[in-house]
Amino acid sequence: MQKDKHIIHMDQDAFFVSVEVRKNSELIGKPVIIGGSSDRGVVASCSYEARKFGIHSAMPARTAKMLCPQAIFLKGNMDEYSKASHEITEIITQNVPLFEKASIDEHYIDMTGMDRFFGCMKFASELRQTIIKETGLPISFGLSVNKTVAKVVTNECKPDGQMEITYPEVRPFLNPLAVHKIPGIGDATYRKLSEMGVRKIETLAEIPQDLMFKILGQHGLSLLQKANGIDLSPVVPYRERKSIGTQTTFENDSMDISKMRAILSGMVTNLTFELRSQQKLTACITVTIRYSNFETVTQQARIPYTALDSFLIDKAHDLFKKLYSKRMLLRLIGVKLSHLVSGCEQISLYHTSEEEYDLYQAMDKVRQHYGVESVVKACIVKSPPRDENDKVIKYNPRKQKLNKEEGEERKKSRIRTFINSDIGSTTKLDG
Ligand SMILES: [Mg+2]
């Protein structure tokens, strides 16, 4: 029964900014913006003082500068934020048997069953104090009967807050809130609901199921449940969190290093696209190779949270270089990204230029429409055919008489990546 559940949602207050403030006390109480500089990039995070000016994450830095000219812009350091994130997770690991790391600065804790031994509220507030004392970073929490309500509670009481909403209080607590307070309501859904005149959770909760399904499909039904304070999704233990990976067995064993590097780049490109599609970040990359004698070796590296190809491709190449120590043919190569958490805006932290951030978003949009291989980095594309003078032979169906099959093949090869043409089989790993 939902009413017997006790779920805590813990969330750091303005996490990136807090890490900066911990380092430099002169920033206390000032409007601080992380991500980009005053005229480039996008806001990855901002202090509560900056939020008072209407600044929010994902906003172009230029707009933020206009809203608050005195704001202090910091480039941000994902390395440090990732370390701080691990500090917090470590404290929670030592104190709690069952928790889920939901994002770089959020954890869900399932206290169900333990409430008989500890008062949940007492336990949660002690844990919160421990985190504040040991890390010097501010944190808030909400305690309620499921993940969704607990998160809404946290959002209502932060910054520097804590609150419990018990089972009988859930509906009265949710009812007067605006619909966009429900986690997972995107801009499009919010607009649709607004057009229908649905502004408060109370109104949303009363919409008949079939109407909701007609307007928003399956997503609508899940929203309806949330509006009614129902959420059956479990707290997924940290260690069991999914990873994504892919591996490739070659048709013919190979020792061609530049080919291996290109294959790795292609595999990482595909995986990071998937990561960004799921709005996830990874903190660990693993590369596996298998020699022709079936000897298999693996190397792993902890990395700052990221979802960017360029960074992960370099890491994958580093690991491959360390791994490939024998001059022996290879039969398999694999990459895995693990320690996944939710998060998307943070990807901008590696890229100070707005253009590059926009480029990534545009490339992902093309891939969503035309498939993951429709846009790729030049380094993983097969070089085009050349004539005897080393000039690229351009494909022109009117001038060149190719038979239909050849023509089709040429057309395809222009967009197909190196990876697919040279491998025997590719397996997707999930788990
Ligand atoms: Mg937070």
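**Exercise 1.** In this predicted model, decide whether Asp11 is buried or exposed.

*Solution.* Start by finding the residue: Asp11 sits in strand β1, which covers residues 7-12. Next, look at its surroundings: 22 other C-beta atoms lie within 10 Å of Asp11. A residue is called buried when 20 or more other C-beta atoms lie within 10 Å of its own. Asp11 is therefore buried.

**Exercise 2.** Find out which residues Asp11 touches, leaving aside those up to four places away in sequence.

*Solution.* Click on Asp11 and look around it. The contacts of Asp11 are Asp105, Glu106, Ile139, Ser140, Thr154 and Lys158. Keep two of these in mind, Asp105 and Glu106, for the next steps.

**Exercise 3.** Locate Asp105 and work out whether it is buried or exposed.

*Solution.* First, the location: Asp105 belongs to the loop between β5 (99-103) and β6 (106-110). Then the count: Asp105 has 25 C-beta neighbours inside 10 Å, so it counts as buried. Finally, its contacts: beyond residues up to four places away in sequence, Asp105 touches Asp11, Gln12, Phe15 and Ser85.

**Exercise 4.** Explain why the residues of the "binding site" annotation gather at one spot.

*Solution.* Begin with the record: an unreviewed UniProt entry gives the annotation "binding site" to Asp11 and Asp105. Although they span 95 residues in sequence, no two of their C-alpha atoms are more than 5.8 Å apart, so they gather at one spot.

**Exercise 5.** Describe the surroundings of the residue that carries the "active site" annotation.

*Solution.* According to the unreviewed UniProt entry, this annotation covers Glu106. Glu106 is part of strand β6. With 21 other C-beta atoms within 10 Å, Glu106 is buried. Setting aside residues up to four places away in sequence, Glu106 touches His9, Met10 and Asp11.

**Exercise 6.** Work out how helices α1 and α4 are oriented to each other.

*Solution.* Two packed helices are described by the angle between their axes and the distance between the axes. Here α1 (residues 15-23) and α4 (residues 78-95) pack at an angle of about 95°, and their axes are 10 Å apart. Angles of 65 to 115 degrees count as roughly perpendicular, so α1 and α4 are roughly perpendicular to each other. Now see who makes the contact: α1 contributes Phe15, Phe16 and Val19, while α4 contributes Glu80, Tyr81 and Ala84. Sorted by type, the residues of this contact are five nonpolar, no polar and one charged.

Note on methods: Residues are numbered from 1 along each chain as its sequence is written. This is a predicted model: local features need pLDDT of at least 70, side-chain atom pairs count only at pLDDT 80 or more; totals for chains, interfaces and linings use all residues. UniProt positions are given in the numbering used here, feature names are shortened, and annotations may be inferred rather than shown by experiment. Helices (H or I, at least four residues) and strands (E, at least two) are DSSP runs, numbered from the N terminus. A residue is buried if 20 or more other C-beta atoms lie within 10 Å of its own, exposed if 12 or fewer, and partly exposed in between; C-beta atoms are placed from the backbone. Two residues are in contact if their C-beta atoms, placed from the backbone, lie within 7 Å. Axes are lines fitted to C-alpha atoms, for helices over the stretch in contact, and angles run from 0 to 180 degrees between N-to-C directions. Angles under 35 degrees count as roughly parallel, over 145 as roughly antiparallel, 65 to 115 as roughly perpendicular and the rest as oblique. Ala, Val, Leu, Ile, Met, Phe, Trp, Tyr, Cys and Pro count as nonpolar, Asp, Glu, Lys and Arg as charged, and the others, Gly among them, as polar.
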